[in-house]
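Welcome! Have the sequence and the 3D view ready, and try each exercise before you read its solution.

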Amino acid sequence: MRRVVITGIGTINPVGHNLEEAWENIKNGVCGIDFTKQIDTTDFKVKVSGEVKDYDPANFLDKKEARKMDRYTQFGMIAAREAIKDSGIDIEKEDPFRCGTIVSSGIGGLITISDQTIRGYTKGYERISPFYIPMSISNMCAGEIAIDTGFKGVCECIVTACASGNNAIGESFHKIRDGYQDVMITGGAEGCICPMGVGGFTVMQALSTSQDPNRASIPFDAERGGFVMGEGAGILILEELEHAKARGAKIYGEIVGYGASCDAHHITAPDPTGAGAAGCMEMAIADAGIAKEEVGYINAHGTSTHLNDAGETKAIKAVFGDYAYKLMVSSTKSMTGHLMGAAAAIEAIFTTMALKDGFVPATINYKNPDPECDLDIVPNEGRQADIKYALSNSLGFGGHNAAVLFAKYED
């Protein structure tokens, strides 16, 4: 089977406007969660979120094109352009039908849907924006990126809630490994911090109501009480190894395994036994053909909800047995919040960089141990660690589970 490597990275998220800034802040344990500025939270129980800081689309995109994109698509386009530039790939020298795009979003254009629904209700539904439909549908970020790059291969958006980004990356990996494509743009984008988004998750009792930004997203902590909404995008350029080497591309890392499963348990709550999450980790490791003991780090889904963190801990123990206590398991959501459909994409970036730089990021703001979550969660400070393989987990509403296994690149 063909080897698949990562040759370009782009991101915009709560801890940075690009890869360099974001990774530096992750290594330093910077918390990107703060009081929400996009909406007036006076009448909301939830006061904090992981917003992209000082965001003005005009600083990244042409004003005319930005007006025709929902916020989530803007983020995806910004990250994709950074990733393409970073990769150095020249589409004019490629067969465009061998270059594909799979970029996911868990929710899509919720801000556009909300705004245009209000406009239709107050001014009449034939006075809404002519761009309402293309701005709101979840596949449009992938479509816009394909148009922008000229990639004419497969173009898809996999919507599996908070597992969406990992499914996009995993399926892109298989497209290249199995010979269908040579290059893939993949990842996820999300931008739904708006009254409907915050309100919807609040009434589900899914969000943290802490008014202290440093005690809101606290994965594996005994005082955790819900996740913090985040926004942004993460994009990876994947290539077949020999294709990348032939054009002299720099290589960040390698993808070697992918697994996907379903809890088949509940529409929002994860299976408390962790069986589904364990299954997809097992699949990813088997897909790579490595021993479980070769995995050195897991970037956990780690949302800061009671059921998720406890269930994921059980899943890791089920897969790794006693070796689970020798693994480093951290949640970068402690710094970024939960980017939902884009979460796995930025976590794939952080996992890749952890392998490349030999540095495992921390679970920050950890104070009170939970006996149910008794693994090594790399509390509060990151660590220098030379690791060869790392897993990144994502678990979504509907019972969707996806795990991607990354490797330190060795020629």
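The exercises below concern a predicted model and take up cysteines, a pair of packed helices, and the two sides of a helix.

**Exercise 1. Find how many disulfides there are, and check Cys141 and Cys373 against the cut-off.**

Solution.
- Step 1: Start from the chemistry: a disulfide is a covalent bond that joins the sulfur atoms of two cysteines.
- Step 2: To count here, two cysteine sulfur atoms must lie within 2.5 Å. By this rule there are zero disulfides.
- Step 3: Take Cys141, which is in no disulfide: the nearest cysteine sulfur belongs to Cys157 and is 8.0 Å away. Cys141 is buried, and its relative accessible area is 1%.
- Step 4: Now take Cys373. This residue is in no disulfide either, since the nearest cysteine sulfur, that of Cys280, is 17 Å away. With a relative accessibility of 3%, Cys373 counts as buried.

**Exercise 2. Decide how helix 1 is oriented relative to helix 13, and list the residues that meet.**

Solution.
- Step 1: Locate the two elements: helix 1 covers residues 19–27 and helix 13 covers residues 343–357.
- Step 2: Look at the geometry. Their axes are 11 Å apart, and the packing angle is about 75 degrees.
- Step 3: Angles of 65 to 115 degrees count as roughly perpendicular, so helix 1 is roughly perpendicular to helix 13.
- Step 4: Name the partners. Helix 1 brings Leu19, Ala22, Trp23, Ile26 and Lys27, which meet Ile349, Phe350, Met353, Ala354 and Asp357 of helix 13.
- Step 5: Sort the residues of this contact: eight are nonpolar, none is polar and two are charged.

**Exercise 3. Is Glu20 buried or exposed?**

Solution.
- Step 1: Find Glu20 in helix 1.
- Step 2: Exposed means over 50% relative accessible area. Glu20 has 68% relative accessibility, so Glu20 counts as exposed.
- Step 3: For its surroundings, turn to Gly10, 10 residues away along the chain: the C-alpha atoms of Glu20 and Gly10 are 9.3 Å apart.

**Exercise 4. Work out where the buried residues of helix 8 sit around its axis.**

Solution.
- Step 1: In helix 8 (residues 195–203), pick out the buried residues Gly197, Val198, Phe201 and Thr202.
- Step 2: These residues span an arc of only 125 degrees around the axis, so they lie on the same side of helix 8.
- Step 3: A general rule helps here: an α-helix has 3.6 residues a turn, so residues three or four places apart point the same way.
- Step 4: Find the partner: the buried residues of helix 8 pack against helix 4 (110–123).
- Step 5: Turn to the other side of helix 8, where Met196 and Val203 are exposed.
- Step 6: Finish just after helix 8, where Gln205 has a positive phi of about 60 degrees.

Note on methods. Residues numbered from 1 in each chain as written. Predicted model: local features only at pLDDT ≥ 70, side-chain atom pairs only at ≥ 80, totals over all residues. Heavy atoms only, no water. Buried < 20%, exposed > 50% of the residue type's maximum accessible area, 1.4 Å probe, protein only. Axes fitted to C-alpha atoms, helices over the stretch in contact; angles between N-to-C directions. Helix = DSSP H or I, 4+ residues; strand = E, 2+ residues; numbered from the N terminus. Parallel < 35°, antiparallel > 145°, perpendicular 65-115°, else oblique. Contact = heavy atoms within 4.5 Å. Nonpolar A, V, L, I, M, F, W, Y, C, P; charged D, E, K, R; others polar. Arc of directions from axis to C-beta.
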